[in-house]
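Here is a quick tour of one chain, going from confidence to core to charge pairs. Have a look at the model first, then read on.

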Amino acid sequence: PSHDIWFGIQYRLFEPNTEALRTELEFEIYRQSALWLPYIQNQRIEVRSQVDIPGISGTDAENAIQIIITFSVLNSNANKSITIFQDNGNVQYLIS
């Protein structure tokens, strides 16, 4: 597994988009963030197929995965959310 912010996602790009893969990715995000980012407390991690997201359709939706990580920084009141998704073949992320 990777030690970077992508949690090994790049090694799974061509694997079938299954519930097992999404569960494995969720576990890796929890595991690696606890190891490498101990000052972060994950509130929620959601890995879902783009098919489950309203407004997304077509072949890309069947093959895409969206990852939402909601977290807080320990010893602060800062709550943030990172959404990682595919857009026109590129990996994008939004922080809110």
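## An exposed end of a charge pair

Let's start with glutamate 19, which counts as exposed because its relative accessibility is 52%. Keep in mind that this is a predicted model. Glutamate 19 has a partner: its side chain meets that of arginine 22 in a salt bridge, with 3.2 Å from N to O. Both residues sit in helix 1, three residues apart, or about one turn of the helix.

Is arginine 22 buried or exposed? Arginine 22 is buried, since its relative accessible area is 11% and the cut-off for buried is under 20%. So this salt bridge joins an exposed glutamate 19 to a buried arginine 22.

## What arginine 22 touches

Beyond its neighbours within four places in sequence, which residues is arginine 22 in contact with? The list is Asn17, Val47, Arg48, Ser49 and Ile65. Two of those names, Val47 and Ile65, come back among the residues with the most contacts inside the largest nonpolar core.

## How far to trust it

The chain's average pLDDT is 76, and 70% of the residues score at least 70. Where in the chain is confidence highest, and where is it lowest? Helix 1 (residues 19-36) comes out on top with a mean of 88, while helix 2 (residues 59-63) is at the bottom with 64. That puts the glutamate 19 and arginine 22 pair, both in helix 1, in the element where confidence is highest.

## The nonpolar core

The largest nonpolar core is made of 13 residues. Inside it, the residues with the most contacts are Leu25, Ile29, Val47, Ile65, Ile67 and Ile69. Helix 1, strand 1 (40-49), strand 2 (65-73) and strand 3 are the elements that give two or more residues each to this core. Which of the elements gives the most? That would be strand 2, with four residues.

## Serine 81 in strand 3

Over in strand 3 (residues 79-87) you'll find serine 81. With a relative accessibility of 14%, serine 81 counts as buried, because anything under 20% does.

Eleven residues separate serine 81 from threonine 70 along the chain, yet their C-alpha atoms are 4.2 Å apart. Thr70 also shows up among the contacts of serine 81 outside its neighbours within four places in sequence, along with Ile68, Ile69, Phe71, Leu94, Ile95 and Ser96. Ile69 is a familiar name here, being one of the residues with the most contacts inside the largest core.

## More charge pairs

Side chains of opposite charge can pair when their charged atoms come close. How many salt bridges does the structure hold? There are four. One of them is the meeting of the glutamate 28 and arginine 31 side chains, at 3.1 Å from N to O. These two also lie in helix 1, three residues apart, about one turn of the helix. In this pair glutamate 28 is buried because its relative accessible area is 7%, whereas arginine 31, at 35%, is partly exposed.

Glutamate 46 pairs with arginine 44, their closest N and O atoms being 2.4 Å apart. Glutamate 46 counts as partly exposed at 26% relative accessibility, and arginine 44 counts as partly exposed at 37%. Through salt bridges that share partners, Arg44, Glu46 and Arg48 are joined into one network. Arg48 brings us back to the beginning, as it is also one of the contacts of arginine 22.

Note on methods: Residues numbered from 1 in each chain as written. Predicted model: local features only at pLDDT ≥ 70, side-chain atom pairs only at ≥ 80, totals over all residues. Heavy atoms only, no water. pLDDT = per-residue confidence, 0-100. Buried < 20%, exposed > 50% of the residue type's maximum accessible area, 1.4 Å probe, protein only. Contact = heavy atoms within 4.5 Å. Core = buried A, V, L, I, M, F, W, Y, C linked by side-chain atoms within 4.5 Å.
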